[in-house]
Amino acid sequence: MAASKKTTKSAGAATSPGSSLVKWVYRAVIAFVVYLSCSLLDRIKDRWYVFTPESLHELAQAAVRAHPDDIDSIIPYIVSNLTSHYSPRAIALNTDSSEWVFNNAGGAMGAMYIIHASITEYLIIFGTPLGTEGHSGVHTADDYFNILVGEQWAFHPPSLKREVYKPGDVHHLPRGDVKQYKMHEGCFALEYARGWIPPMLPFGLADMLTSTLDYMSFYHTARITGREMLRNLLIGKI
């Protein structure tokens with residue numbers, strides 16, 4: 001009995017109100033420091049961008065004019081222009097256009113070729129010859145969808161009219177916004193995101209783990225994305 005009373009007293013001392021208060025103050029300080037750090041990084045993230053939405057839109061339009069309705073010719077046109085314009089010392093690009101992987105996100109399914117992936121930017125070709133539709137997701141980056149072939153529709157209440165995007169058009173989804181979208185048969189786009197890319201990855205990967213169970217696509221997506229982010233970090237591209 002004596003030993004039991006001593007144990008009870010020790011447990012009570014360990015969970016005293018003063019001890020609990022110190023823990024909560026400590027947690028609050030950590031949360032505040034994390035918040036300040038994230039706010040500062042968010043203010044200065046523009047210095048790490050290499051691409052601009054305007055230049056990529058111009059490139060997409062030039063590709064559409066040069067090879068109308070021919071995605072097999074549009075892709076090498078875009079990649080060759082990017083590699084000739086951007087120095088490998090400034091940004092790492094994936095020129096292996098055979099690295100296509102399935103992508104399921106927000107209920108939509110297609111395939112993507114990752115041209116560039118870093119902490120603050122990604123650039124991919126995404127599309128499907130079959131057509132698909134789904135939820136855009138809520139993202140920590142601005143997303144620019146440059147239509148190359150086919151047609152995309154989007155819907156954003158309270159407007160009850162569809163938005164229509166055709167080859168040469170760009171569909172901008174601001175950070176934090178959300179839409180329903182549909183890509184018709186044979187629609188492919190040059191998709192550019194600028195902002196914080198890592199928090200977007202769960203949206204692009206979750207369906208493979210919880211719905212499709214396509215672990216090979218999950219592996220290849222994670223492998224290529226991680227490899228490209230590391231290649232860019234090694235040359236100082238955040």
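**Two antiparallel sheets and a lined pocket**

Both faces of strand E10 are covered, with Cys 187, Ala 189, Glu 191, Ala 193 and Gly 195 buried on one side and Phe 188, Leu 190, Tyr 192 and Arg 194 buried on the other. The count for the strand agrees: 9 of the 9 residues of E10 are buried. The model in which this strand is found is a predicted one. In the protein as a whole, buried residues account for 39% of the 238 residues. The secondary structure consists of 6 helices and 10 strands. Of the contacts between residues at least 6 apart in sequence, 71% link residues at least 24 apart.

E10, which spans residues 187-195, belongs to an open sheet of 6 strands ordered E1-E2-E3-E10-E5-E8, and the pairing in this sheet is antiparallel. E1 and E8 are the edge strands, each pairing on one side only. On average, neighbouring strands of the sheet are turned by 30 degrees against each other, direction ignored. On one side, E10 runs antiparallel to E3 and is joined to E3 by 8 bridges. Within this pairing, Phe 126 has Ala 189 of E10 as its bridge partner; Ala 189 is one of the buried residues listed for E10. The pairing of E10 with E5 is likewise described by 8 bridges and an antiparallel run. Here the bridge partner of Val 149 in E10 is Phe 188, a residue on the face of E10 opposite to that of Ala 189.

Further along the sheet, E2 and E3 pair in the antiparallel sense over 6 bridges. Met 112 has Phe 126 of E3 as its bridge partner, and Phe 126 is in turn the partner of Ala 189 in E10. Helix H3, residues 53-66, lies across E3, E5, E8 and E10, and runs at about 10 degrees to E5.

Ala 108 is located in strand E2. With a relative accessibility of 2%, Ala 108 falls under the 20% limit and therefore counts as buried. Leaving aside residues up to four places away in sequence, Ala 108 touches Asn 103, Thr 132, Glu 133, Gly 134 and Tyr 181. The C-alpha atoms of Ala 108 and His 135 are 7.2 Å apart in space, while the two residues are separated by 27 residues in sequence.

A second group of strands forms another sheet. This open sheet has 4 strands in the order E4-E9-E6-E7, and the pairing is antiparallel. Its edge strands are E4, residues 132-135, and E7, each of which pairs on one side only. The twist from one strand to the next averages 15 degrees. Among the residues that Ala 108 touches, Thr 132, Glu 133 and Gly 134 fall within the range of E4.

Strand E6, residues 152-155, has one covered face, made up of Gln 152 and Ala 154, and one uncovered face, made up of Trp 153 and Phe 155. E6 is joined to strand E9, residues 180-183, by 4 bridges, and the two strands run antiparallel. In this pairing Gln 152 stands opposite Met 183, and Ala 154 stands opposite Tyr 181. Tyr 181 is also one of the residues touched by Ala 108. E6 is joined to strand E7, residues 163-165, by 3 bridges, again in an antiparallel run. The bridge partner of Gln 152 in E7 is Tyr 165. Gln 152 thus has a partner in E9, Met 183, and another in E7, Tyr 165.

The largest pocket has a volume of about 610 Å³. Its lining comprises 29 residues, and those nearest the centre of the pocket are Asn 103, Tyr 122, Ile 124, Glu 191 and Phe 203. Two or more lining residues come from each of strands E1 (100-105), E2 (108-117), E3 (121-128), E5 (141-149) and E8 (170-173), and from each of helices H5 (201-210) and H6 (215-234). By class, the lining contains 17 nonpolar, 9 polar and 3 charged residues. Two of the central residues recur elsewhere in this account: Asn 103 is among the contacts of Ala 108, and Glu 191 is one of the buried residues of E10.

Conventions. Residues are numbered from 1 along each chain as its sequence is written. This is a predicted model: local features need pLDDT of at least 70, side-chain atom pairs count only at pLDDT 80 or more; totals for chains, interfaces and linings use all residues. Side-chain values use heavy atoms; hydrogens and water are left out. Buried means under 20% relative accessible area, exposed over 50%, partly exposed in between (1.4 Å probe, protein chains only). Two strands pair if DSSP finds at least two bridges between them. On a 1 Å grid over the protein atoms alone, a cavity is a set of points where a 1.4 Å probe fits but cannot get out, and a pocket is an open set with protein on both sides within 12 Å along at least five of seven lines; lining residues have an atom within 4 Å of a point. Grid points are joined across faces, edges and corners, and a volume is the space filled by probe spheres set on the points. Ala, Val, Leu, Ile, Met, Phe, Trp, Tyr, Cys and Pro count as nonpolar, Asp, Glu, Lys and Arg as charged, and the others, Gly among them, as polar. Axes are lines fitted to C-alpha atoms, for helices over the stretch in contact, and angles run from 0 to 180 degrees between N-to-C directions. Contact means heavy atoms within 4.5 Å.
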